[in-house]
Amino acid sequence: GRREQAVAAALNYLDLINGLFMEVNPIPVKTALNLMGREAGVFRLPMCEMEEENRARLRTVLAEYGLVS
């Protein structure tokens, strides 16, 4: 019943959402958790590390939201 608040929240987090989907999931999510110090562990096949450019972009987005320093 609070559509306006839901839309505002979604728009507020849109850059973060897009960052978590810039590569095939769960790779960005696991990378984000590792960057945040949550130790999600290493990738096992068939998953692989994120492209370095995308990893840097994800780190920037996480920093913008105060999730990493």
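**Figure 1. A lysine charge placed over an aromatic ring in the predicted model.** In this predicted model, the charged end of Lys 30 sits over the ring of Phe 43, at a distance of 5.3 Å from the centre of that ring. Lys 30 is also one of the buried residues of helix α3, a group that further comprises Ile 27, Pro 28, Thr 31, Ala 32 and Leu 35. The cover over the buried residues of α3 includes the helices α2 and α4.

**Figure 2. The turn of the backbone after α3 and the loop that leads to α4.** Gly 37 follows α3 and has a positive phi, near 85°. Glu 39, which is placed in the loop between α3 and α4, has a phi near 50°, and this is a positive value in a residue other than glycine. The side of Glu 39 that is open to solvent can be put as a number: Glu 39 counts as exposed because its relative accessibility is 64%, and the cut-off for that class is over 50%. Pro 46 is found in the loop between α3 and α4 as well, and the peptide bond that runs to Pro 46 from Leu 45 is cis, with omega near 10°.

**Figure 3. A cis peptide bond ahead of α3.** The peptide bond from Asn 25 to Pro 26 is cis, and its omega is near 15°. Pro 26 belongs to the loop between α2 and α3, the latter helix covering residues 27-35.

**Figure 4. Contacts of Leu 20 in the loop between α2 and α3.** Leu 20 lies in the loop between α2 and α3, and, once its neighbours within four places in sequence are left aside, Leu 20 is in contact with Asn 25, Pro 28, Val 29, Ala 32 and Leu 58. Two of these partners, Pro 28 and Ala 32, are listed among the buried residues of α3. As a reference distance for this view, the C-alpha atoms of Leu 20 and Ala 10 are separated by 14 Å, the two residues being 10 residues apart along the chain.

**Figure 5. A buried asparagine of α4.** Asn 54 lies in helix α4 and counts as buried because its relative accessibility is 13%, where the class requires a value under 20%. When residues up to four places away in sequence are not counted, Asn 54 touches Met 22 and Glu 23.

**Figure 6. The aromatic pair that joins distant parts of the chain.** The structure holds one aromatic pair. The partners are Tyr 13 and Tyr 65, whose rings are stacked, with 5.7 Å from centre to centre and 20° between the planes. Tyr 13 is in the loop between α1 and α2, whereas Tyr 65 is in the segment after α4 (52-64), so that the pair links distant parts of the chain, 52 residues apart. Tyr 13 counts as partly exposed because its relative accessibility is 41%, and Tyr 65 is partly exposed too, with a relative accessible area of 24%.

**Figure 7. A nonpolar patch on the surface, drawn from the N-terminal helices.** Val 7, Leu 11, Tyr 13, Leu 14, Ile 17 and Phe 21 form a nonpolar patch on the surface, and together these residues have about 580 Å² of accessible area. Helices α1 (3-12) and α2 (14-19) each supply at least two residues of the patch. Leu 11, a patch member that lies in helix α1, counts as exposed because its relative accessibility is 57%. Tyr 13 takes part both in this patch and in the stacked pair with Tyr 65.

**Figure 8. The whole chain, as a setting for the close-up views.** The chain has four helices and zero strands, and its elements run α-α-α-α from the N terminus on. Taken along the principal axes, the C-alpha atoms fill a box of roughly 45 × 25 × 20 Å. Of the 69 residues in the chain, 23% are buried. The accessible surface of the chain comes to about 5,200 Å², and 56% of this surface belongs to carbon and sulfur atoms. Among the contacts between residues at least 6 apart in sequence, 48% join residues at least 24 apart.

Terms used: Residues are numbered from 1 along each chain as its sequence is written. This is a predicted model: local features need pLDDT of at least 70, side-chain atom pairs count only at pLDDT 80 or more; totals for chains, interfaces and linings use all residues. Side-chain values use heavy atoms; hydrogens and water are left out. Patches are made of residues with over 30% relative accessible area and no salt bridge: like charges are joined within 9 Å, nonpolar side chains (Val, Leu, Ile, Met, Phe, Trp, Tyr) within 5 Å. Accessible areas come from the Shrake-Rupley method with a 1.4 Å probe; for residues, only the protein chains shown count as cover. A salt bridge is a side-chain nitrogen of Lys or Arg within 4 Å of a carboxyl oxygen of Asp or Glu. Buried means under 20% relative accessible area, exposed over 50%, partly exposed in between (1.4 Å probe, protein chains only). Rings of Phe, Tyr and Trp (its six-membered ring) pair if their centres lie within 6.5 Å; planes under 30 degrees apart count as stacked, over 60 as edge-to-face and the rest as tilted. A charge sits over a ring if NZ of Lys or CZ of Arg is within 6 Å of the ring centre and within 35 degrees of the ring normal. Contact means heavy atoms within 4.5 Å.
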